[in-house]
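The following exercises invite the reader to examine a protein model step by step. Each task is followed by a worked solution.

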Amino acid sequence: MCGIVGYVGGKSAAPTLLEGLRRLEYRGYDSAGIAMINDGKFQYHKKKGKIDDGIARLLSAQPLRGNIGIGHTRWATHGAPSDINSHPHFDESGRIAVVHNGVIENYDRIKARLENHKFVSETDTEVLAHLIGEHYERLKNNGYQEGCNGHILTKSVIEALKEVIGTYGIAVICTDFPDVIVTARRGSPIIVGVGGDEHFVASDAIAIAPYTRNVVYLNDYDVVTITPQGLQITNLGTDTAKIQVSKLELDPEAAERGAFPHFMLKEIFEQPKTVQNAMRGRINYNEGTTMFGGLNMSTAELRAIDRIVMPSCGTSWHAALVGEHYFEEFAHIPSEVEYASEFRYRNAPLEKSTLVLIITQSGETADSLAGLRESKRRGHKVLSICNVVGSTIAREADGGIYLHAGPEIGVASTKAFTSQITVLALLAILMGRIRNLSINRSTKLLRALEKIPSQIASILEQNEHIRRIAVKYAKSEDFFFLGRQYNFPVALEGALKLKEISYIHAEGYPAAEMKHGPIALIDEKTPTVFVIPKDSLYEKTFSNLQEIKARKGAIIAITTKDNREIGKCVNETIYLPETEEPFFPLLAAVPLQLLAYYIAVERGCDVDKPRNLAKSVTVE
Ligand code: G6P
């Protein structure tokens, strides 16, 4: 949610900033802006709209010069998307520029205090820029001595941040110091890239990966002064902090779209590989169990867990719902999925033996992070299942499991979902094997999981068939997605995918619950996508399907390949390979993703940048 970049070094800053913004555009695309310092003056562009339509065009028509600059791609919180509300924002004197990701909650009070200042935008960030400027003027006028007090710009930022309530990842530059960037974080991610005689700032390592492997992940309250030659760090809370350089293991090309028209399609097609990566090195067939390097919990500790709570958001919340079935079915551990945004403010009873497990692709979602912190504050063990290595949740959890799915750029999550389910299955099998799960059953499950990547590959071969179905139903304005048991969460996910990228109203329901109300909405204009494998509940689910058919709703059935007779009762059929019952969601997710994708394409929607959304939601 909002992406920020910064560069200081010997090169022209503009190409690095623009490329960085492109790589961060998944975080927001309401507007973008860049400010650089040249000859002691700001040069800047700010433009509403997506990067290639706005700022990139401006930059090629009127290039900016300088070896230092900051940039921002915006997901609007305070103030509508517009050129004026775009970042960077400047202080009263016009000497200080700020880019910001987060929310300054007390901005109106600070604004009221700065009564002589003239604000041009409606944003909270502009207030922060003015506040930093105010402290800068005061320190300068009082004859501030740098020495052991630190750089005056850093000191001004620190004084301003002490007054701020809210969240921030910021980068600040000042025309008086054309070789200094000050960056700081609280709640929103910041990564500093360390080069030879150049440094980078970004909200996500993806923006830095083409230039350096050496990065510093900022912790909350860290404030860093960056020059081409080095970094100085301080922490607002502890007053001490150390620069810790980590090695980035991220292939910069993994963030390229390649020959695919959209990241989303590329990521759907990556799933045979990403599901494989989620399992690699984690299965022990001799013992019919699984193993993970980073759980940081002994077998005795894992055995002592008698409840699992999973606060998560969005698609990760849906994956957690599948996980709930796995923990209960394979390990008999009572499990609950929580909306992280609700969990964080609720006094949810957590016993000593409760494990809090956060599922998150980005590792930066503000509500999930707050859930983690609240649980840790209460003294609970927190594990995470996370994709982004080095992300805040991965670092703050007591232990965790990485998905190893590679960067997910498409705003609609796809490959992370199937990887999350895979990892949840492996973890539940581990929990089961130290309880009552027999080796025969676990081996069967593991053998079935092993086949999933090639089965997904075979489903992807039906791409054209699924595209044709999508085109046929693309004009519908309402959809239902139904499934039962393991397949109810995947029905929810199918509906979410469609809503997110095509703006069609869609609802996911447990198939048998329809008759308690929602069936009133079914008519000949409302198609239903039914996830209906030939499983132990098949006959019951088939009756639910008949209830829809009797109301003249068109039905797209996603079923198992031996179930030929269903073809006679429904309008469209997508046949999937057979697997163990619990793992059908891993297969069913793929045609649901493709259906949503092709419907959105048919409707002319911008699949990778759907309206109003952002991928990494770092505000409440
Ligand atoms: C946003 C994204 C969703 C994602 C959710 C949770 O809403 O648009 O695709 O599922 O955040 O994100 P996380 O990174 O925590 O999985």
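**Exercise 1. Determine whether Ser476 is buried or exposed, and describe its surroundings.**

Solution. In this predicted model, Ser476 has a relative accessibility of 13%. The cut-off for a buried residue is under 20%, so Ser476 counts as buried. The next step is to place Ser476 along the chain: the residue belongs to the loop between helix H15 (463-473) and strand S22 (478-483). Finally, the side chain of Ser476 may be followed to its partner, the backbone oxygen of Tyr473, which it reaches at 3.0 Å.

**Exercise 2. Identify what surrounds the ligand, and give the distances of its polar contacts with Thr315, Ser316 and Gln361.**

Solution. Begin with the count: the ligand is surrounded by 14 residues. The closest are Ser316, Thr360, Gln361, Ser362 and Thr365. Next, consider individual atoms. An N or O atom in the side chain of Ser316 is 2.5 Å from an oxygen atom of the ligand. For Gln361 a polar backbone atom is involved, and its distance to a ligand oxygen is 2.7 Å. Thr315 also contributes through its backbone, with an N or O atom 2.9 Å from an oxygen atom of the ligand.

**Exercise 3. Describe the largest pocket by its volume, its lining and the classes of its residues.**

Solution. The volume of the largest pocket is about 730 Å³. Its lining comprises 39 residues, of which Leu250, Asn387, Val388, Val389 and Pro407 are the closest to the centre. Two elements give two or more residues to this lining, namely helix H7 (271-279) and helix H12 (392-396). H7 supplies the largest share, three residues. Sorting the lining of the largest pocket by class gives 14 nonpolar, 12 polar and 13 charged residues.

**Exercise 4. State how many cavities of 30 Å³ or more the structure holds, and describe their linings.**

Solution. The principle of the search is as follows. Rolling a probe the size of a water molecule over the atoms reveals where empty space remains. For the whole structure, the search finds two cavities of 30 Å³ or more.

- The largest cavity has a volume of about 70 Å³. Among its lining residues are Cys2, Trp75, His78, His87, His100 and Asp124. Strand S6 (96-101) and helix H4 (124-141) are the elements that give two or more residues to this lining. By class, the lining of the largest cavity has two nonpolar, seven polar and two charged residues.
- The second largest cavity has a volume of about 60 Å³. Its lining includes Val5, Leu17, Phe200, Ala202, Ile208 and Tyr211. Strand S1 (3-8), helix H1 (13-24) and strand S10 (199-202) each give two or more residues. The lining of the second largest cavity divides into eight nonpolar, three polar and no charged residues.

One lining residue of the second largest cavity, Ala202, lies in strand S10. Ala202 is buried, because its relative accessible area is 0%.

**Exercise 5. Explain why Cys313 forms no disulfide.**

Solution. A disulfide requires two cysteine sulfur atoms within 2.5 Å. The closest cysteine sulfur to that of Cys313 belongs to Cys386 and is 13 Å away, which is too far for a bond. The count for the structure is zero disulfides. As for its accessibility, Cys313 has a value of 22% and therefore counts as partly exposed.

**Exercise 6. Locate the cis peptide bond between His87 and Pro88, and examine the positive phi angles of Asn296 and Gln485.**

Solution. The cis bond joins His87 and Pro88, with omega about 0°. Pro88 occupies the loop between strand S4 (68-74) and strand S5 (89-90). His87 has already appeared in the lining of the largest cavity.

Asn296 is not a glycine, yet its phi is positive, about 55°. It is situated in the loop between strand S16 (289-290) and helix H8 (299-304). With a relative accessible area of 52%, Asn296 is exposed.

Gln485, likewise not a glycine, has a positive phi of about 55°. This residue is found in the loop between S22 and helix H16 (487-502). A relative accessible area of 46% makes Gln485 partly exposed.

Technical notes. Residues numbered from 1 in each chain as written. Predicted model: local features only at pLDDT ≥ 70, side-chain atom pairs only at ≥ 80, totals over all residues. Heavy atoms only, no water. 1 Å grid on protein atoms, 1.4 Å probe; cavity = no way out; pocket = protein on both sides within 12 Å on 5 of 7 lines; lining within 4 Å. Points joined across faces, edges and corners; volume = space filled by probe spheres on them. Helix = DSSP H or I, 4+ residues; strand = E, 2+ residues; numbered from the N terminus. Nonpolar A, V, L, I, M, F, W, Y, C, P; charged D, E, K, R; others polar. Buried < 20%, exposed > 50% of the residue type's maximum accessible area, 1.4 Å probe, protein only. Near = heavy atom within 4 Å. Polar contact = N/O pair within 3.5 Å; in protein donor to acceptor, adjacent residues only side chain to side chain.
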